[in-house]
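User: Please take a close look at how the charged side chains of this protein are placed and paired. I would like one connected account that also covers the surrounding framework.

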Amino acid sequence: AVDEAIERITNELAARGALGNTYILFTSDNGFMQGQHRLHQGKFAPYEPSVQVPLLLRGPGIPAGGQQKAPVWNGDITATVLDVSGAQPGLEQDGRSLLPYAQDPSLRSRRPILIETGPPGATNEPGTPVSATSAKANAGKYVKNLDLDRTAQIARAIVAPKYRAIHTNRYLLVKYGNGNREMYDLKRDRLQLKSIYKDSRYFRVRKYLLKKLAHLSKCRGARCRREFKKPPKPLAKRKRPNKKQR
């Protein structure tokens, strides 16, 4: 049905002579966890199968078949629509336009992405209501997963720890509300199977990511779009613990 809808839209634009002057942006909602990391339902997790979604953009000046590797997030979609339309936003924007990156797939970025859970049922944006359920959920360390795959309805519900995470081109670091921590080197561990948070080879990287996460958690507007320096390289070998002096 989605394919048929897209075909009808593009055919209608072509028939009106507007296809060459129209941007089409396609994306979707989060993916459901279906056994990855032993999670049988939901889409609340900070892992790649849950946080990654398709994003396609076609239009004037965008080369066919290009694949941009710079990390992007939902707020960039709003900024892109504003850029294309020339509209002026009523709220300060944290995201940035995707057009320069779509038009030049060779462009790279070192802007990290903030990933976080929030209270269910509210956006907490200025001028929008915050439900009683959301206000109550904010006070705890956990959030009930309300997005269930139909195939998992009969399984037990999952109450997940709230978290804030930073995602770069190479690393993911997660701070959970219950005190747990995780960190992954996506270059060496694409499936995120072994946390390196306590690996001494990555202590300098961990310090760097924690500092940037603290910045992203409180940023707004242009401060959220900052490009950062590369994180320090991990050490080749683990540090030996200091021997006790006699």
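Analyst: A salt bridge here is a side-chain nitrogen of Lys or Arg within 4 Å of a carboxyl oxygen of Asp or Glu, and a residue is buried when its relative accessible area is under 20%. The model examined is a predicted one.

With these terms in place, E48 is a suitable starting point. This residue is found in helix α2, which covers residues 48–51. E48 is buried and yet has no salt bridge. The nearest side chain of opposite charge belongs to R190, at a distance of 8.7 Å. That distance lies outside the 4 Å cut-off, so E48 and R190 do not count as a salt bridge. The side chain of E48 does have a polar partner, namely the side chain of Q52, with which it makes a polar contact at 2.7 Å. When neighbours within four places in sequence are set aside, E48 is in contact with H167, L186 and Q192.

Other charged side chains are paired: the structure holds 9 salt bridges. One of them joins D76 and R111, whose closest N and O atoms are 2.7 Å apart. D76 belongs to helix α3 and R111 to the loop between α4 and β3, so this pair ties together parts that are 35 residues apart in sequence. Both partners, D76 and R111, are buried.

The helix that carries D76 merits a description of its own. Helix α3 spans residues 74–85, which makes 12 residues. From its first C-alpha to its last, α3 reaches 18 Å, close to the 16 Å expected at 1.5 Å a residue. D76 has buried company in α3, where G75, I77, A79, T80 and L82 are also buried. The cover over the buried residues of α3 includes strands β1 (24–27) and β2 (55–58) together with helix α4 (99–103). Just after α3 comes G86, which takes a positive phi of about 75 degrees.

The loop that holds R111, between α4 and β3 (113–116), also contains P105. P105 counts as partly exposed, because its relative accessibility of 23% falls between the limits for buried and exposed. Apart from residues up to four places away in sequence, P105 touches P63, G66, Q67 and Q68. The C-alpha atoms of P105 and G65 are separated by 9.7 Å, although the two residues are 40 residues apart along the chain.

A second salt bridge joins R220 and E92, with 3.1 Å between the closest N and O atoms. R220 lies in the segment after α6 (203–218) and E92 in the loop between α3 and α4, so parts 128 residues apart in sequence are tied together. R220 is exposed, with a relative accessible area of 57%.

The segment that follows α6 leads to the question of cross-linking. A disulfide is a covalent bond between the sulfur atoms of two cysteines. A search of the whole structure finds 1 disulfide. Its partners are C219 and C224, whose sulfur atoms are 2.1 Å apart. The link is right-handed, with 115 degrees about the S-S bond. C219 is buried at a relative accessible area of 14%, and C224 likewise counts as buried, with 10% relative accessibility.

A further salt bridge is formed by D185 and R188, whose side chains meet at 3.8 Å, N to O. The two partners stand in opposite settings: D185 is buried, with a relative accessible area of 2%, whereas R188 counts as exposed at 56% relative accessibility. D185 and R188 are also linked with R170 in a network of salt bridges.

These details sit within the following overall framework. The protein chain contains 6 helices and 8 strands. Along the sequence, these elements follow the pattern α-β-α-β-α-α-β-α-β-β-β-β-β-α. Of the 246 residues, 33% count as buried. Among contacts with a separation of 6 or more, 56% are accounted for by residues 24 or more positions apart. The pairs D76–R111 and R220–E92 are instances of ties between parts of the chain separated in sequence, by 35 residues and by 128 residues respectively. E48, by contrast, is buried with no salt bridge, and its side chain has a polar contact with Q52.

Key: Residues numbered from 1 in each chain as written. Predicted model: local features only at pLDDT ≥ 70, side-chain atom pairs only at ≥ 80, totals over all residues. Heavy atoms only, no water. Helix = DSSP H or I, 4+ residues; strand = E, 2+ residues; numbered from the N terminus. Buried < 20%, exposed > 50% of the residue type's maximum accessible area, 1.4 Å probe, protein only. Lys, Arg positive; Asp, Glu negative; His and termini not counted. Polar contact = N/O pair within 3.5 Å; in protein donor to acceptor, adjacent residues only side chain to side chain. Contact = heavy atoms within 4.5 Å. Expected span 1.5 Å × (residues − 1). Disulfide = S-S within 2.5 Å.
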